[in-house]
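Ready for a quick tour of a protein chain? Have a look at the picture first, then read on.

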Amino acid sequence: MAVNQVLFLQIEVANEYMKRYNISLDEFNELNDKYAILEFIEEGYEPFHLMGNEGILEEIHEYIKEQRAVNGD
């Protein structure tokens, strides 16, 4: 796995996530600080790069919901 491929996927998915949920970069950064979204994408790169952005966005949404439940947010 090349670093630039992971970085490209992180940027692409972050932009799509912000568009889908109508949030600003600052709001995305807050979510990332709290839930490590970019790290989640990096760790899941192998299956993620095969599933397309729609699938990745769903995975991220579910991941955040799970983290909120665990953290009591």
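What follows is a walk through the helices, the core and a few odd spots.

First, a word on trust. This is a predicted model, and the chain has an average pLDDT of 93, with 99% of the residues at 70 or above. Helix α2 (residues 25–35) gets the highest confidence, a mean of 96, while helix α4 (residues 45–71) gets the lowest, a mean of 92.

Let's start with α4, which has a story to tell. This helix holds 27 residues, yet its end C-alpha atoms sit only 25 Å apart. A straight helix would reach 39 Å at 1.5 Å a residue. Where is the kink in α4 centred? Look at Gly 52: the kink is centred there, and the angle is about 130°. Once α4 is over, along comes Gly 72, with a positive phi near 70°.

Now turn to what α4 hides. Its buried residues are Tyr 45, Phe 48, Ile 56, Leu 57, Ile 60, Tyr 63 and Ile 64. The cover over them includes α1, α2 and α3.

That brings us to the core. In soluble globular proteins, nonpolar side chains tend to be buried together. Here the largest nonpolar core has 19 residues, and those touching the most other members are Leu 9, Val 13, Tyr 17, Ile 37, Ile 41, Ile 60 and Ile 64. Which elements give two or more residues to this core? They are α1 (3–20), α2, α3 and α4. The biggest giver is α4, with 7 residues.

Zoom in on Ile 41 for a moment. Leaving aside residues up to four places away in sequence, Ile 41 touches Leu 9, Gln 10, Val 13, Phe 48 and Ile 60.

Aromatic rings add another layer to the picture. There are 4 aromatic pairs. One of them joins Phe 40 and Tyr 63: the ring centres are 4.0 Å apart and the planes meet at 10°, so this pair counts as stacked, given that stacked calls for planes under 30 degrees apart. Phe 40 belongs to helix α3 (residues 37–43) and Tyr 63 to α4, so to speak a link between distant parts of the chain, 23 residues apart. Are these two buried or exposed? Both Phe 40 and Tyr 63 are buried. Elsewhere, ring pairs tie Tyr 17, Tyr 21 and Phe 28 into a cluster.

Finally, check the backbone in the loops. Most residues other than glycine have a negative phi. Asn 22 and Ala 36 go the other way, each with a positive phi. Here they are side by side:

| Residue | Phi | Loop | Relative accessibility |
|---|---|---|---|
| Asn 22 | near 50° | between α1 and α2 | 70%, exposed |
| Ala 36 | near 55° | between α2 and α3 | 25%, partly exposed |

Why does Asn 22 count as exposed? Its relative accessibility is 70%, and exposed means over 50%. Ala 36, at 25%, counts as partly exposed.

One last distance to try on the structure: the C-alpha atoms of Asn 22 and Ile 64 are separated by 16 Å, though the two residues are 42 apart along the chain.

Methods:
Residues are numbered from 1 along each chain as its sequence is written. This is a predicted model: local features need pLDDT of at least 70, side-chain atom pairs count only at pLDDT 80 or more; totals for chains, interfaces and linings use all residues. Side-chain values use heavy atoms; hydrogens and water are left out. pLDDT is the predictor's confidence in each residue, from 0 to 100. Helices (H or I, at least four residues) and strands (E, at least two) are DSSP runs, numbered from the N terminus. Rings of Phe, Tyr and Trp (its six-membered ring) pair if their centres lie within 6.5 Å; planes under 30 degrees apart count as stacked, over 60 as edge-to-face and the rest as tilted. Buried means under 20% relative accessible area, exposed over 50%, partly exposed in between (1.4 Å probe, protein chains only). A nonpolar core is a set of buried Ala, Val, Leu, Ile, Met, Phe, Trp, Tyr and Cys residues joined through side-chain atoms within 4.5 Å. Contact means heavy atoms within 4.5 Å. The expected span of a helix is 1.5 Å times one less than its number of residues. The bend at a residue is the angle between axes fitted to the seven residues ending there and the seven starting there.
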